[in-house]
Structure formats: structure tokens, C-alpha cells
Amino acid sequence: MISKAIIIGSGKVAKAIVPQLLKNDIQVLQLFSRRPNEVDFIKNDDAQHSVEIISDFSNISNQADIYILAVKDDALSKVSVQLRLFLLTNMFVIYRVHLN
């Protein structure tokens, strides 16, 4: 069962996913953003749903059940390389596919 997630990306997809995860009792441990100061949709006023905003791949926790890549298609290869450096090989990672 999935109970802990980490979101890589902070755009529209992440903005849509985070509230749904929290609503379904999935704890979002961290949200990775290249521009953490611009993440305005996370409200950490509830300790139960506190989300750590990070901007360095070396700070990504290995405690999540699922890692959701909410990045643009052209950033996927760069993000994948960075994740491989810091995550264990048995991590469950999903990527949202953009369909026209």
C-alpha cells in the first residue's frame, strides 16, 4: 500500500497531484523544486500534512513508497540521471505522460 510519496517538480501537475494525495491520506514527504521560493500551493500550516520543499537532489529521502516525476518532457533525462545518483535501485518511480 502506498502511504508516502515524493513529488519531483512544482508546476501544474504537481499542483494538481499534491492535494489529491493528501486528500487520500498519502503523506507527501517532500516536493522537489528548482525554485522553492516560488512554490505557493503548499500550505504547511497543518503539521499532519507538512511537506518539505527541497531544491537539491542530495536531500531526497529514500523513505517514500512512490516517487512521482511531475516534470516537463525535456527535463526527464536530466532528472532521471540525478535521481539515479541518490535513490536506491528498488524505488517505484512514475512519470506523467503528456498526450496531445
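A contact here means heavy atoms within 4.5 Å. Keep that in mind for these exercises on a predicted model, where local features need pLDDT of at least 70, side-chain atom pairs count only at pLDDT 80 or more, and totals for chains, interfaces and linings use all residues. Residues are numbered from 1 along each chain as its sequence is written, and side-chain values use heavy atoms, without hydrogens and water.

**Exercise 1.** Find what share of contacts in the chain between residues at least 6 apart in sequence join residues at least 24 apart.

*Solution.* Take the contacts between residues at least 6 apart in sequence; 57% of them join residues at least 24 apart.

**Exercise 2.** Work out the order of the elements from the N terminus on.

*Solution.* Start with the inventory: the chain has two helices and five strands. These are DSSP runs numbered from the N terminus, with helices (H or I) of at least four residues and strands (E) of at least two. Now read along the chain to get β-α-β-β-β-α-β.

**Exercise 3.** Determine how much of the chain is buried.

*Solution.* Buried means under 20% relative accessible area, using a 1.4 Å probe and protein chains only. By that rule, 35% of the 100 residues are buried.

**Exercise 4.** Say which helices each supply at least two residues of the lining of the largest pocket, and which element gives the largest share.

*Solution.* Lining residues have an atom within 4 Å of a point of the pocket, and a pocket is an open set of points on a 1 Å grid over the protein atoms alone where a 1.4 Å probe fits, with protein on both sides within 12 Å along at least five of seven lines. Helix H1 (12-23) and helix H2 (76-86) each supply at least two lining residues. The largest share, three residues, comes from H2.

How values were computed:
Buried < 20%, exposed > 50% of the residue type's maximum accessible area, 1.4 Å probe, protein only.
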